[in-house]
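Work through the exercises below with the model open. Try each task before reading its solution.

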Amino acid sequence: MLTRVDIYNIRNLEAVRLHDLGRVCVLFGENGSGKTSVLEAIHMLSLARSFRASSARSVIRHGESHCTVYGEVSHGGGAVRALGVQRERSGMAMLKVAGRPVRNVSGLVAELPVLVINADSFQLLVGAPAARRRFLDWGVFHVEHEFFAAWQRFQRCIKQRNTLLRRDKLQTEELDAWTHDLALAGERLTMCRHRYFEQLVPVFHEVAEKLVPECGSLALRFRQGWDATLSYAEALKASTASDRDQGYTHVGPQRAEIIVTVDGHSAADTLSRGQQKLVVCALKLAQGYVLKQQDRSMTCAYLIDDLPSELDAGHTRRVCAQLEALGAQVFITCIAEDAIAGMWPAAAAPPQLFHVEQGQVTSVGRANPGAPAPSIADSENDA
Ligand SMILES: Nc1ncnc2c1ncn2[C@@H]1O[C@H](COP(=O)(O)OP(=O)(O)OP(=O)(O)O)[C@@H](O)[C@H]1O
């Protein structure tokens, strides 16, 4: 769980320090006040990049050379680990875990798994397969420990093989050697994906049944990226001629896909925008559950931007109830201070409220269950 985050020079947040973070944190404030930027900063601490901008440059506060996020996480109430990320305008990144530099993001993300739900989330259903592969691999990475090494090996092999395929004079022996290694890495990686998918599916059905019971019969199918009746080595052999013609590897885990259907029809073409968002919420909640099944001390942080958009009050409440039942840490934005607090299950500990105004973030205490959330003035008087 993220217990502290210090944010410097991310968009309109010059210096924001949030300490003693609880499990459910609601950030409320007017449009453009900086709520999403706080979520972006937490995302940066996990993945060293924003979820809404492809370059670090646009995230860094205008006129500054770099941005920094520092955080502390504790797993199962145990020892606290410090995480730090600094990004420069040039794109350079400096990452630290427990005070030591780490070379790649996997070190960070293993300490602080984050999942985003925002207005673009429906893209997971309607967008390109790459989005669904990223979704799948996020989960596989956290649950299957041999996955990352297999994935790195696979990336190296496919890059090499594609380079060879594009050469004018093809050296068959070299190509065969890389094809052999690619087949091994691809099989290993796909085995991890299969195992994870098998765990995910029943959990997804359970959550979806609670969030969108009215939506028909939902089904998930995993396509591994080549003819499932063949081994990957056999599939590569069968596609070698066309790979040579076109200069790249046609089959393999790089073409894997998750198909989501409702009553046998494509979910992307059938569901309403709100239903799509709910199915995406069910998929992401299922990932949180599978992660927890794997390691009870591990919870992921959900970064949720503007949950009520596209959802009616009843469905918003159901999502809040599922987030509470999962016990994950949640950072959630809204405009009005009681918009989420009023939706959170009354029996649960009330969410912690943070008012965001022109790049300043102020802790204003906890929402009062069953009553309108406290005003800022009230909580200042309490302090
Ligand atoms: N690189 C930057 N440097 C300084 N300010 C920026 C930069 N990029 C964006 N901003 C400003 O930062 C502010 C924060 O935007 P943010 O998206 O976090 O607001 P928000 O509270 O989530 O708003 P909304 O409710 O409209 O979604 C905006 O006013 C925006 O104009």
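**Exercise 1.** Which exposed residues does the face of α6 turned away from its buried side carry?

*Solution.* That face carries Ala149 and Thr163. A residue is exposed if 12 or fewer other C-beta atoms lie within 10 Å of its own, buried if 20 or more do, and partly exposed in between; C-beta atoms are placed from the backbone. This is a predicted model: local features need pLDDT of at least 70, side-chain atom pairs count only at pLDDT 80 or more, and totals for chains, interfaces and linings use all residues. Residues are numbered from 1 along each chain as its sequence is written.

**Exercise 2.** Locate the buried side of α6 and what covers it.

*Solution.* List the buried residues: Phe147, Ala150, Trp151, Phe154, Cys157, Ile158, Arg161 and Leu164. They lie on the same side of α6, because their arc around the axis is only 155 degrees (directions run from the helix axis to the C-beta atoms). Their cover includes α5 (129–143) and α7 (172–211). Helices are DSSP runs (H or I, at least four residues), numbered from the N terminus.

**Exercise 3.** Check the span of α6 (residues 147–165).

*Solution.* Take 1.5 Å times one less than the number of residues. For 19 residues that gives 27 Å. The end C-alpha atoms are 26 Å apart, which agrees.

**Exercise 4.** Describe how the two domains meet.

*Solution.* An automatic or database assignment sets the bounds: domain 1 is 1–113 + 298–383, and domain 2 is 120–294. Their C-alpha centres are 29 Å apart. The contact (C-beta atoms, placed from the backbone, within 7 Å) takes 13 residues from domain 1 and 15 from domain 2. On the domain 1 side, helix α11 (residues 313–326) gives the most, with 5 residues.

How values were computed
Helices (H or I, at least four residues) and strands (E, at least two) are DSSP runs, numbered from the N terminus.
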